Each structure stands twice: as structure tokens, then as C-alpha cells.
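Hi everyone, thanks for making time for this one. I'd like to walk you through a structure, so let me put it on the screen.

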Amino acid sequence: MGFTLEAHIERWPIAGGFTISRGTKTEAVVVVATLSDGSAIGRGECVPYARYGETPESVLAQIAAVAPAFAAGGVDVETLRSLMPAGAARNAVDCALWDFTAKRSGARAAAMAGVGPLKALTTAFTLSLGEPDAMRAAAEAASARPLLKVKLGGKGGDRERIRAVRAGAPHADLIVDANEGWGADIFADMMAACADVGVKLIEQPVPQDADAVLRRGANPVPICADESCHTSHELAVLAERYDAINVKLDKAGGLTEALTMVAEAERLGLTVMVGCMLATSLAMAPALIAAQRAAFVDLDGPLLLAKDRVPGLVYEGSIVHPPTPDVWG
């Protein structure tokens, strides 16, 4: 029995814009894949990311290329890995396949993954890169949240930015994300600045192609691989350089590979963070399965949008609740 696989582009405005070291965005552009047998329907959402050579159009083309295989029948989440490379396109299809299988069988995706009943999790809330005064104001506005993720990596001023955020949110735990923005000339100084204000974790401080200089356990604040980390195949090497990895379904190519990554990271003694791109609840829902054993959770995408899809996940402050079946899985 064959299935119909389709995909389309959606645009979701961001509340006020979002800035990292590579630039500013005013909308989240996502691709939604839909898998159907005429009765059950499964959906998956991905974010094409230019940093990895992806565009919405290239993702649509990748999904269209595998649609005939679904029409012929016989594709499951394991065979999908041989049909598509890791990345956003496979994430959308993989998550649609998980959702479709759950809808058709009446089982929950978490049970199929062997994870068990999902629990609500505390997510980080991200502060966009800006001038120190603006970042302090943003931190003050979010100071009741227990975990803040601070975007750094600008052209100078990062020491002042992280101090300003700490002043604005003196009791919150902090994660810093430099998005590859620190060179060797400022690396040691910025590590010391982060240690001074009690930062818990630093994501990808140096460019992916320059991270061979890093050594696991050698820095005053643990370092997490993000842009350097895509699939489980890289983890053995990354375990020599990093203390933690950021598992994102858009990089891994779906929930299937993300679950493999979490298990392998645990085997290697790496701390696990599960993160996201800017997207709606449809993209966050499957990531919540992978995040159940993560030490750090960063699934705040919908909180940064002007509006989320309906139905969506329920957020109570920084607590994100598991999806209901009408959302996903």
C-alpha cells in the first residue's frame, strides 16, 4: 500500500526580530511535510538553514525526490536514512513518519521510541544579541525564568554583554551561545568572563573548522558542540574536544538519529543538550522525546514567535508540556 508525501513552505513572524553573530531574522521559514494513506495523516516540520547550504526550495526538492518511494510503499524510519542525507529535509519526513505511524496505530510516538510517558521539561529562553544595555533590559524582563540562553559572538563587547545579562538576571542559570563568533585572540578572555559570572555551558565558541584546538575538560566552563555536531558518526571525535553536544533534529535528520545520538553521547560520557531552530510547536514536539534525558533543554522556538500554530504545545513560563496527539505523535 502506497502513501502520499507532500511538503510546503510556511512563514512565521518573529516577535521583534532575532539576532545572532551571523545576522538578524524577522521570520521563521519552515517546511512542513505531510504523509498520508488517505486515512491517517502525519506531519513533520523542519527549518532549512543557510549555514548548512539549505534553502526552503532545496528542501522541497529533496522531499519530492523521495515521494515516489513512499508511493511505492515499504519506507520506514530506518530505510529513510538510506534514502536521504542528514539535514532538515530528512527531519521533516522522519518526524512525519513517526507521527503517521502513531496516528495509524493508535500508539504514542514516545512509547514507540521506548521512552515511556513524557514529562514536562524546563526550557532555556533565548536572549538575542544586542548592545549591553538592551541585553540587560531583556534579561531583567526574563529574570523570573530559571535558565537563559545568551547569544554572543558580536564584533567586540561580549564581556560587557555577559556582565550586563548577569546584572539583569542575577539568579538565572546562564548558557552562552557564541555561534562560532570567537577567534583565538579573544577565546581565553571570554572563557574567563563567562566563568566570572557563573555561566553553566558555552555553545560553539569557535568556528567548526577551528575546533581541533579544543580539549575536553580543559576550560573553566564546559564547552558544547553545536555547529560541529550533526550526527552520531562525529561523536567519537567530538568527545576528545567537547564536554557536551547540542542535538538538533534539523541537523541530525530527524528523531530517529537524534535518539541514536543521545544514547551514544551517554555512552561516551558527554553531557547532552537538545536544542532547536526557530520554529513552531510542530518542530518542538518530537524533540521533547529526545530531550527527556538531556541535562539542558533549549526548545523555546515558539516563545520567540509572534504567534504559534494552533493547536500547539503548552508553555507555562519556561515549563513546556508534552504534546497532545492533535499536536504531534
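The largest pocket here has a volume of about 510 Å³, and please keep in mind that this is a predicted model. Which residues sit closest to the centre of that pocket? They are Ile20, Lys25, Tyr49, Met277 and Leu278, out of 32 residues that line the largest pocket. If you're thinking about the chemistry of that lining, its residues divide into 13 nonpolar, 6 polar and 13 charged.

As for where the lining comes from, strands S1 (4–20), S2 (23–36) and S6 (147–151) each supply at least two residues. S2 gives the most to the lining of the largest pocket, with 5 residues.

Now let's turn to the interior. The largest nonpolar core has 106 residues, and Ile63, Ile245 and Trp328 have the most contacts inside it. Helix H3, residues 88–105, provides the largest share of this core, with 9 residues.

Let me zoom in on Ile245 for a moment. Leaving aside residues up to four places away in sequence, Ile245 touches Cys224, Ala225, Cys229, Leu235, Leu238, Met261, Ala265, Leu270, Thr271, Val272 and Met273. There is also a second, separate core of 8 residues, which includes Ala124, Leu201, Cys224 and Ala244. If you spotted Cys224 twice, well done: Cys224 is touched by Ile245, and Cys224 is also one of the members of that second core.

Next, helix H11, which spans residues 281–290. Is H11 enclosed or open, and why? H11 is largely enclosed by the rest of the structure, because 10 of its 10 residues are buried. For anyone following along on the screen, those are Ser281, Leu282, Ala283, Met284, Ala285, Pro286, Ala287, Leu288, Ile289 and Ala290.

Last topic: the cysteines. How many disulfides does the structure hold? The count is 0. Take Cys194: its closest cysteine sulfur is in Cys224, and at 14 Å that is too far for a bond. Cys194 also counts as buried, because its relative accessibility is 0%. Cys276 is in no disulfide either, with the nearest cysteine sulfur, that of Cys95, 13 Å away. Cys276 is buried as well, at a relative accessible area of 15%.

That's my tour, so over to you for comments.

How values were computed: Residues numbered from 1 in each chain as written. Predicted model: local features only at pLDDT ≥ 70, side-chain atom pairs only at ≥ 80, totals over all residues. Heavy atoms only, no water. Core = buried A, V, L, I, M, F, W, Y, C linked by side-chain atoms within 4.5 Å. Buried < 20%, exposed > 50% of the residue type's maximum accessible area, 1.4 Å probe, protein only. Helix = DSSP H or I, 4+ residues; strand = E, 2+ residues; numbered from the N terminus. Contact = heavy atoms within 4.5 Å. Disulfide = S-S within 2.5 Å. 1 Å grid on protein atoms, 1.4 Å probe; cavity = no way out; pocket = protein on both sides within 12 Å on 5 of 7 lines; lining within 4 Å. Points joined across faces, edges and corners; volume = space filled by probe spheres on them. Nonpolar A, V, L, I, M, F, W, Y, C, P; charged D, E, K, R; others polar.
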